[in-house]
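Here is a friendly note to read alongside the model, written for someone meeting it for the first time. Please keep the 3D view open while you go through the points.

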Amino acid sequence: MTAQDSVAGSPAAPVWGELRYSGELARLLADGELRAPRRRLDAQPVLLIPGFMAGDASLTVLRAWLRRRGHRVSMSGMLANVGCAEQIVRRLEDHLQAFASNCGRAVVLIGQCRGGALARALAVRDPENVAGLVMLGSPVRDGLAVSSPVLRAVRWVARLGDLGLPRVFATSCRDGACCEVFRADLTAPLASSIQAISVHSRSDGIVDWRACLDPHADAVEIDSSHCGMSVHPEVYRVLERALESSTEAPWSG
């Protein structure tokens, strides 16, 4: 990432906007069409990856909705997304290959926040096993283009990693050699066979929306809180369109 591509230091929307989460979830649950989607017999398998400091439990609502649509859904296996990005991606590579092999077809990756960045790296490294990519509020252009409270949390977690706490990223992950390949994956072109979508919100109170504008993905704007993207009705409509139109990538088996 070049200096001109960086958006670090850009202000996110007011953090109080994140209080919309409960209302966004309520609207989703009140939408009968989304709550009870039509089941697809040929639904593609989906791998879900949670956001920074979140675990698989944060995507429970989305997982249940996908299963009601007929998708086989696999989770990342993370209790909290705070590990070294390169180490996580390498583990998820094995997980993706096993899941795709078991399903006999390529997989759609859906990641929220940092999870979307991890999903993008997976798509770059293993395009044969990826049919589609959806990034929800993922700052792929600059991982530190976040609100001040979140940036403090990032630095606090990195300090724990510097002190030797296992399974936690360290300060060196930002610019050091350990995550050099991962950082390159965030700007690398995606295979033409992968339908990639980046969802962003200008009222996101956590991530600066401009950091989510992946030049290799279709940008979709919604009006949502950051945390609420996994339960926002409009996101589910975006996912419906993406899952219906996604062209399955050639699978090598």
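1. Let us begin with the salt bridges. The count comes to 14, where a salt bridge is a side-chain nitrogen of Lys or Arg within 4 Å of a carboxyl oxygen of Asp or Glu. Please keep in mind that this is a predicted model, in which local features need pLDDT of at least 70, side-chain atom pairs count only at pLDDT 80 or more, and totals for chains, interfaces and linings use all residues. Residues are numbered from 1 along each chain as its sequence is written, and side-chain values use heavy atoms, with hydrogens and water left out.

2. Which parts of the chain does the pair R20 and D223 link? The two side chains form a salt bridge with an N to O distance of 3.3 Å. R20 sits in the segment before α1 (21-30), while D223 belongs to the loop between β6 (218-221) and α9 (233-245), so named because helices (H or I, at least four residues) and strands (E, at least two) are DSSP runs numbered from the N terminus. The partners are distant in the chain, 203 residues apart. R20 is partly exposed at 26% relative accessible area, and D223 is exposed at 55%; here buried means under 20%, exposed over 50%, and partly exposed in between (1.4 Å probe, protein chains only).

3. Next comes the salt bridge of R202 with E221, whose closest N and O atoms are 3.0 Å apart. R202 is in the loop between β5 (195-200) and β6, and E221 is in strand β6, so this pair ties together parts that are 19 residues apart in sequence. Both ends count as partly exposed: R202 has a relative accessibility of 49%, and E221 has 44%.

4. Is D208 buried or exposed? D208 is buried, at 1% relative accessibility, whereas R210 is partly exposed at 32%. Their side chains meet in a salt bridge of 2.9 Å, N to O. Elsewhere, E86, R90, E93, R125 and D185 are joined into one network by salt bridges that share partners. Of this network, E93 lies in helix α4 and is buried, with a relative accessible area of 18%. Apart from neighbours within four places in sequence, E93 is in contact (heavy atoms within 4.5 Å) with L122 and R125.

5. Now to the interior. In soluble globular proteins, nonpolar side chains tend to be buried together. The largest nonpolar core (buried Ala, Val, Leu, Ile, Met, Phe, Trp, Tyr and Cys residues joined through side-chain atoms within 4.5 Å) has 46 residues. Those touching the most other members are I49, F52, L109, L118, L122, L133 and F182. Two or more residues come from each of β1 (46-49), α4 (85-103), β3 (107-112), α5, β4 (130-136) and α6, and α4 has the largest share, with eight. I49 is in contact with several residues beyond four places in sequence, among them L59, M78, I110, L118 and L122. There is also a second, separate core of 28 residues, which includes L28, L62, W65 and L243.

6. How much space lies in the largest pocket? About 930 Å³, with volume taken as the space filled by probe spheres set on grid points that are joined across faces, edges and corners. A pocket is an open set of points on a 1 Å grid over the protein atoms alone, where a 1.4 Å probe fits, with protein on both sides within 12 Å along at least five of seven lines; lining residues have an atom within 4 Å of a point. The largest pocket has 39 lining residues, and F52, R114, G143, L144 and V154 lie nearest its centre. Helices α5 (114-125), α6 (148-162), α7 (172-175) and α8 (180-185) each give two or more residues to this lining, and α6 gives the most, five.

7. The second largest pocket has a volume of about 280 Å³. Its lining includes G77, M78, C84, Q87, R91 and R167.

8. Finally, two backbone angles deserve a look. Most residues other than glycine have a negative phi. M53, in the loop between β1 and α3 (60-69), has a positive phi of about 65 degrees and is partly exposed at 42% relative accessibility. C113, in the loop between β3 and α5, has a positive phi of about 55 degrees and is buried at 10%.
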